[in-house]
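This report describes the fold of one protein chain and then turns to one of its strands. Please examine the sequence and the structure shown here before reading on.

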Amino acid sequence: MSGRHSGRPTLEQVAARAGVGRGTVSRVINGSPRVSDQAREAVHRAIEELGYVPNQAARTLAGSRTDAIALVIPETEARLFAEPYFLDIIRGISAELGEADQQLLLTLVRTERERQRFEQYLAARRVDGVLLASVHADDPLPDRVRELGLPVVLNGRRTADEPAAYVDSDNTGAGRAAVAHLAARGRRRIATITGPLDMYVARARLDGYREGITGAGLAPDELLVATGDFTEEGGRRAMRALIDRAPDLDAVFAASDVMAAGARGVLRETGRRVPEDVALVGVDDSAVARLMDPPLTSVRQPIEEMGRTMARMLLRELSGEAGGEGEPAAAEGARQVLPTELVVRESS
């Protein structure tokens, strides 16, 4: 038997047959000298057995490969290190790129000048592709990366019609699940603290909250909606505003665990017990949720897996590979939305 598979074999199948990583297969295909004779022989044998045909466009581009991927986070150092979400995203991306022998370059873009300087860096072809986290609606960087001819994958999206490739979680479902849980526990004045509304993730969680309110047969009340910014202090400010406007509230859905922690502090300061007086739910299921007093009910999103999926999507585009069954052919324009899950703890 020839060992050939039906359908077009993928780079991952070649790597598995040869017993090496995807990066090793790519280097063999592209003629890199940084491969042992044993590995090169194993890859060539796997290619022959599977009938693998490399994508010619990808091979043409490979001559100028840097084996480096940029992860861009348009936030301050303080936000980066205070927010467990970013650390989990970085962990997932780093693990996936490491397995593919790719270098990860972490870049913080906080100002227009820094964005322009980074675009010049990209134009010089210092990296092979870009991963972008924490995207805002008016961020031009994804479009500029694509104009420069480099692949880009977003963590989240700017709008519902995002043209760039992205990996997201079910943020609308997260809001619905949180409100449904609170309503099932008998809560009737359910407030929410949103993220910044120039971010699609925040608008989607707010949409889910509103759908949950309607689905529970409760009357919508905009006095119960306060805008935060995904920081602990933002959660504190929003919680104070909610208490001033609606002192009879009996539950809060905060659009992140970090904001929930800020809200928890204000509730304690104002003499409100959690969950006896006010139930509290967050999003992320981070270490913050598990360490709060009482432990926080939170909607878990698979953050580390999102990072891994982003990296895989970008690597697939770079290698010119088709996806597996049910997956898009390449990163350009591809999209994946991963499920969320409510984790119930003592705060609700």
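## Contacts along the chain

In this predicted model, 70% of the contacts in the chain with a separation of 6 or more are between residues 24 or more positions apart.

## Composition and surface

The chain contains 14 helices and 12 strands. It has 348 residues, and buried residues make up 55% of them. The accessible surface of the chain comes to about 15,100 Å², and carbon and sulfur atoms account for 50% of this area.

## Burial of strand E1

Strand E1 spans residues 68-73, and 6 of its 6 residues are buried, so the strand is largely enclosed by the rest of the structure. Buried here denotes a relative accessible area under 20%.

In a regular strand, side chains alternate between the two faces of the sheet. In E1, Ala68, Ala70 and Val72 lie on one side, while Ile69, Leu71 and Ile73 lie on the other. The residues on both sides are buried, and both faces of E1 are thus covered.

## Pairing partners of E1

Strand E1 pairs with strand E2, which comprises residues 103-108. The two strands run parallel and are joined by 6 bridges. Within this pairing, Ile69 of E1 has Leu104 of E2 as its bridge partner.

Strand E1 also pairs with strand E3, residues 129-132, in the parallel sense. This pairing extends over 4 bridges. Here Ala70 of E1 has Val130 of E3 as its bridge partner.

Note on methods. Residues are numbered from 1 along each chain as its sequence is written. This is a predicted model: local features need pLDDT of at least 70, side-chain atom pairs count only at pLDDT 80 or more; totals for chains, interfaces and linings use all residues. Side-chain values use heavy atoms; hydrogens and water are left out. Buried means under 20% relative accessible area, exposed over 50%, partly exposed in between (1.4 Å probe, protein chains only). Contact means heavy atoms within 4.5 Å. Accessible areas come from the Shrake-Rupley method with a 1.4 Å probe; for residues, only the protein chains shown count as cover. Two strands pair if DSSP finds at least two bridges between them.
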